[in-house]
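Hello,

Here is the structure for your files. My notes on its cysteines follow below.

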Amino acid sequence: MKTAGSKNVVFVIVSQPEPYHASVARRLKQDIQNQVSQIDKQAPTVHITHEEFPVAGAWTIIPLLRPLVTQYKGSDVRWMFFMEPHTAVRCDKLFEALSAADKQEETMWVGYPLSDDEPTIIHHFTFYEDLEEDGGFVYPHFANGFAMRIELMDRLLHQIENDERMLEADFSIDPAFELAQLVYGPKDSPGHGPLLTPDLSFCVVSGDNCATYPRQFDICGSPIPEDTIYFAVKTWSGFHATRARAVKKTWGRHVTHLQFFSDIDDPELPAKAVGVPNTKTGHCLKTMTILKEVVKRVEEMPHIKWIFLADDDTIFGVQRLCELLSCYRGGDDVTVLGERYGYGYGKRETAAKGYDYITGGGGTALSVGAARALRACACGAPSAPDDMALGACAMHRLNISLTHSPLFHQARPQDYARETLARDRPVSFHRHSSPEPLRVYAAWFQHDDRAVRRRNHRDEL
């Protein structure tokens with residue numbers, strides 16, 4: 001009987017170079033090493049990806065297949081365990097779970113199963129009708145970590161290199177879902193790969209029998225003062241009476257430095273005309289004009305450390321943003337933070353030119369130093385996608401690493417699996433629809449933001 005142990009399991013921490021995230025990854029590596037040394041007196045193999053596999057798009061997992069398979073195929077390693085820096089691991093129970101999986105030859109990868117109730121934008125509106133009788137298409141909860149057999153990784157690598165249909169997505173959004181799509185195979189193929197084997201010891205919340213669970217994101221000291229953030233909102237005159245008013249009724253009530261940027265002046269909001277014609281999509285020239293104007297303003301406001309760029313239908317919590325930013329370097333340091341998407345990684349012909357970008361709908365937090373640097377970026381066209389243009393420029397021209405936080409959300413609450421939102425306290429959502437924005441704000445952020453209001457009131461006394 002096979003028993004999984006440190007010789008048979010490689011730990012892969014899918015990490016980021018930003019100092020806070022890198023330090024969390026190093027602490028997790030040390031914790032795993034300490035646990036395993038107590039279990040079987042051997043040193044485990046733990047990789048921190050940004051240090052050992054610094055390839056673009058490593059967070060999508062696909063670029064990691066070749067180096068990992070090359071290094072470990074033919075060795076004693078049977079399992080790769082992929083995790084985030086905030087994944088908590090109990091190594092003894094993880095080894096038990098993988099030993100049980102070893103007894104089932106058909107089990108090729110293991111994790112906590114997530115599924116979509118209906119097609120959703122963050123998963124490219126993909127739905128597998130042919131799996132409904134089998135309980136539906138499931139994908140792993142990345143925050144818990146998931147384990148994959150080395151032979152499945154080798155098989156995937158061979159298929160990717162020999163079947164052009166395997167990589168055909170322009171955008172990378174949810175790496176766990178997209179990896180499950182890759183394992184399952186093209187929808188029109190005659191046979192499909194193995195579905196994820198559910199294991200509830202990969203827990204959503206901590207419990208006595210959990211092998212893994214997501215840790216909450218820490219607050220690194222006191223929340224930063226909200227008046228050290230300049231909030232810039234991109235809007236249009238057609239939305240002044242609707243979306244912009246919703247901002248002022250929700251999170252806008254709790255901030256000191258709030259400016260709307262639009263196609264016309266509107267002193268009641270207040271909104272400033274940026275002198276750029278409105279476009280239906282993209283808004284690159286408009287966003288770049290806003291960024292340059294905001295940097296010019298904050299140069300005269302030395303207490304400002306951060307610039308927060310938001311759409312007029314971005315819904316977020318001011319208190320939660322201030323808590324989150326306590327972990328990052330603002331001011332003259334170069335930090336760009338938000339929800340990361342990828343472009344180009346999912347196609348063979350564009351993978352080498354792929355890049356990350358912070359998707360604008362969930363909001364983008366820029367240190368003043370980062371905003372200064374990004375002023376050098378240009379738009380291919382006025383209506384080019386602004387967030388993608390900034391991402392491509394940051395990565396390929398300025399060599400700036402963008403930092404992902406899963407607490408920012410490009411879509412609505414109902415577009416995410418319940419377990420995904422339960423892991424922590426979200427910072428933002430995007431898009432006004434059902435439920436309407438005031439209800440979303442009240443349900444997710446209002447309670448915490450009242451603390452900002454009380455704190456500001458005390459400071460005025």
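**Cysteine pairing**

Counting the bonded cysteines along the chain, the disulfides follow the pattern 1-2, 3-5, 4-7, 6-8. There are 4 disulfides in the structure, which is a predicted model. I go through three of the pairs below, then turn to two cysteines that are in no disulfide.

**Cys-203 and Cys-210**

The sulfur atoms of Cys-203 and Cys-210 are 2.1 Å apart, and the two residues form a disulfide. The torsion about the S-S bond is -105°, and the link is left-handed. Cys-203 has a relative accessibility of 10% and counts as buried, because the cut-off for buried is under 20%. Cys-210 counts as buried too, at 3%.

**Cys-220 and Cys-327**

Cys-220 is joined to Cys-327 by a disulfide with an S to S distance of 2.1 Å. Here the torsion about the S-S bond is about 90°, so this disulfide is right-handed. The pair links distant parts of the chain, 107 residues apart. Cys-220 sits in the loop between strand S11 (212-214) and strand S12 (229-234), while Cys-327 sits in the loop between helix H9 (318-325) and strand S17 (336-338). The two ends also fall into separate accessibility classes: Cys-220 is partly exposed, with a relative accessible area of 34%, whereas Cys-327 counts as buried at 9% relative accessibility.

**Cys-377 and Cys-393**

A disulfide also joins Cys-377 to Cys-393, with 2.1 Å from S to S. This link is left-handed, with -85° about the S-S bond. Cys-377 lies in the loop between helix H10 (368-374) and helix H11 (386-397), and Cys-393 lies in helix H11, so the disulfide ties together parts that are 16 residues apart in sequence. Both Cys-377 and Cys-393 are buried.

**Cysteines outside the disulfides**

How far from Cys-91, which is in no disulfide, is the nearest cysteine sulfur? That sulfur belongs to Cys-210 and is 14 Å away. Cys-91 has 0% relative accessibility and counts as buried.

Cys-322 is in no disulfide either. For Cys-322 the nearest cysteine sulfur is that of Cys-327, at 12 Å. Cys-322 is buried, with a relative accessible area of 0%.

Regards

Terms used. Residues are numbered from 1 along each chain as its sequence is written. This is a predicted model: local features need pLDDT of at least 70, side-chain atom pairs count only at pLDDT 80 or more; totals for chains, interfaces and linings use all residues. Side-chain values use heavy atoms; hydrogens and water are left out. A disulfide is a pair of cysteine sulfur atoms within 2.5 Å. Buried means under 20% relative accessible area, exposed over 50%, partly exposed in between (1.4 Å probe, protein chains only). Helices (H or I, at least four residues) and strands (E, at least two) are DSSP runs, numbered from the N terminus.
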